[in-house]
Amino acid sequence: MLRYDNYFIPKTLKEYFELTSKVKDCRIVAGCTDMLPWAREGRGGDVFFKNVVDVSRIKELNVFKFGSKKILLGAATNYQTLFLDKKIRKSLKVLPQVSVWFADDQIRELATIGGNIVNASPAGDGMPAFLTLNTKVTVASFKNKKIIKVKMPLEKFVKGRNKVALNKNDLLVDFEVENTDGYGACFEKVGHRRSLVISTVCVSSLVKLNKNKFQDVRVAVGGVCEVPTRLTKTENFLKGKSIDENNIYAASKLDLDVIQSRSRREYRKEVLQNFIIRSILKSLGKTNIDETIQKFDNKIELKMEGAHV
């Protein structure tokens with residue numbers, strides 16, 4: 001059960017910092033999609049917060065600006081917006097694909113992109129996609145009665161499992177992402193259930209072509225390492241190369257050492273490699289994906305049989 005004495009809803013960063021500088025013992029919340037189930041189901045025991053500060057209505061956290069090169073999304077943007085907005089579906093194609101896997105409609109209406117990143121779960125769906133968008137985040141702090149804003153790459157903001165670059169009462173304000181109109185995109189995920197699932201492995205990819213060659217390739221993975229990460233060996237191998245299934249297969253083997261899990265390691269390697277292949281092929285608009293992967297598997301089996309002859 002969750003109880004509290006005071007529930008505050010500031011409307012601006014100025015109001016937020018004035019409030020938190022005076023009111024001590026605050027719990028900062030946005031969509032509450034993690035905290036409420038934790039409290040309601042009794043996993044947290046009898047949960048009591050003297051003061052709860054809801055940041056979801058803060059103006060600066062709800063910014064929504066589109067440019068030809070950069071797009072600014074407020075940290076309070078919810079996943080249902082990513083799923084439905086027409087501009088996002090055109091210019092940030094990977095984000096609606098993340099959203100459809102993220103949860104059901106009710107949770108997507110509440111869950112914010114900022115909350116998902118600040119949670120810093122190794123299995124979080126949002127971070128791999130935002131990594132492929134070359135995201136920079138803005139953090140606001142309050143010093144000497146002034147609001148200080150600092151921009152940093154997303155990979156610098158998330159420091160480890162459940163660890164981010166926020167000091168007490170600091171706030172994640174917005175996400176600056178690259179407009180990827182003209183890119184193919186894909187988000188792939190596997191877990192124990194199809195919906196409302198926590199990732200065992202998830203892969204995000206973006207591909208841009210120049211004639212019959214890879215002009216740009218971005219691939220990021222989550223669920224298999226402490227912090228979701230870009231697969232730079234895979235990306236660098238493919239850039240400038242022709243669009244060829246053998247090139248994709250060769251690239252898919254280069255970053256499997258990112259897996260840090262001690263359990264089911266070989267299984268995770270196989271799943272990750274298949275997902276890298278699938279996500280790149282889907283980003284290219286290919287449809288015969290299962291047949292392609294099966295063809296690779298058959299080649300491996302033939303090599304293994306030949307080695308035992």
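**Close-up views of a predicted model**

**View 1. A lysine over a ring.** In this close-up, Lys241 holds its charged end over the ring of Phe237, at 4.2 Å from the ring's centre. Keep in mind that what you are looking at is a predicted model. There's another spot like this to look up: Arg89 has its charged end over the ring of Phe83, and here the distance to the ring centre is 5.5 Å.

**View 2. Three rings in a cluster.** The structure has five aromatic pairs. One of them joins Tyr16 and Phe17, with 4.9 Å from centre to centre and 70° between the planes, which makes the pair edge-to-face. Both Tyr16 and Phe17 are buried. Now look at Phe17 again, this time with Phe142: the ring centres are 5.3 Å apart and the planes sit at 5°, so this pair is stacked. Planes under 30 degrees apart count as stacked, which is why an angle of 5° earns that label. The stacked pair brings together distant parts of the chain, since Phe17 is in helix α1 (residues 13-22) and Phe142 is in strand β6 (residues 136-143), 125 residues apart. Put the pairs together and you get a cluster of Tyr16, Phe17 and Phe142, linked by their rings.

**View 3. Two partners, two levels of cover.** Stay with the stacked rings and ask how much of each residue is exposed. Phe17 has a relative accessible area of 2%, so it counts as buried. Phe142 has a relative accessible area of 29%, so it is partly exposed. The cut-off behind the word "buried" is under 20% relative accessible area.

**View 4. Helix α1 and its two sides.** Which residues of α1 are buried? They are Leu13, Tyr16, Phe17, Leu19 and Thr20. If you look down the axis of α1, these buried residues fall within an arc of 160°, so they line one face of the helix. Lys14 and Lys22, on the other side of α1, are exposed.

**View 5. Lys14 up close.** Lys14 is part of helix α1. Its relative accessible area is 53%, so Lys14 counts as exposed. Try finding Ile58 as well: Lys14 and Ile58 are 44 residues apart along the chain, and 9.4 Å separates their C-alpha atoms.

**View 6. Helix α5, mostly covered.** How many of the nine residues of α5 are buried? Seven of them are, so to speak, under cover, in a helix that runs through residues 94-102. The buried set is made up of Val94, Leu95, Pro96, Val98, Ser99, Trp101 and Phe102.

**View 7. A closed-off cavity.** Just one cavity of 30 Å³ or more turns up in this model. The largest cavity has a volume of about 50 Å³. Its lining is made of Asn116, Ile117, Ala120, Ser121, Gly124, Gly126, Met127 and Val158. Two helices, α7 (113-119) and α8 (126-132), each provide at least two residues of that lining. Sort the lining of the largest cavity by class and you find four nonpolar residues, four polar ones and no charged ones. How do you spot a space like this at all? Rolling a probe the size of a water molecule over the atoms shows where empty space is left.

**View 8. The second largest pocket.** This pocket has a volume of about 260 Å³. It is lined by 17 residues, and those closest to its centre are Ser56, Ala76, Asn78, Glu109 and Leu110. By class, the lining of the second largest pocket splits into eight nonpolar, seven polar and two charged residues.

**View 9. Asp25 and its positive phi.** Asp25 isn't a glycine, yet it has a positive phi of about 55°. You'll find Asp25 in the loop between α1 and β2 (26-29). With a relative accessible area of 53%, Asp25 is exposed.

**View 10. Asn169 and its positive phi.** Here is another residue to check for its backbone angle: Asn169 is not a glycine, but its phi is positive, at about 70°. Asn169 sits in the loop between β9 (163-164) and β10 (171-178). Is Asn169 buried or partly exposed? Its relative accessibility is 22%, so Asn169 counts as partly exposed.

Terms used
Residues numbered from 1 in each chain as written. Predicted model: local features only at pLDDT ≥ 70, side-chain atom pairs only at ≥ 80, totals over all residues. Heavy atoms only, no water. Phe/Tyr/Trp six-rings, centres within 6.5 Å; stacked < 30°, edge-to-face > 60°. Buried < 20%, exposed > 50% of the residue type's maximum accessible area, 1.4 Å probe, protein only. Helix = DSSP H or I, 4+ residues; strand = E, 2+ residues; numbered from the N terminus. Lys NZ or Arg CZ within 6 Å of the ring centre and 35° of its normal. 1 Å grid on protein atoms, 1.4 Å probe; cavity = no way out; pocket = protein on both sides within 12 Å on 5 of 7 lines; lining within 4 Å. Points joined across faces, edges and corners; volume = space filled by probe spheres on them. Nonpolar A, V, L, I, M, F, W, Y, C, P; charged D, E, K, R; others polar. Arc of directions from axis to C-beta.
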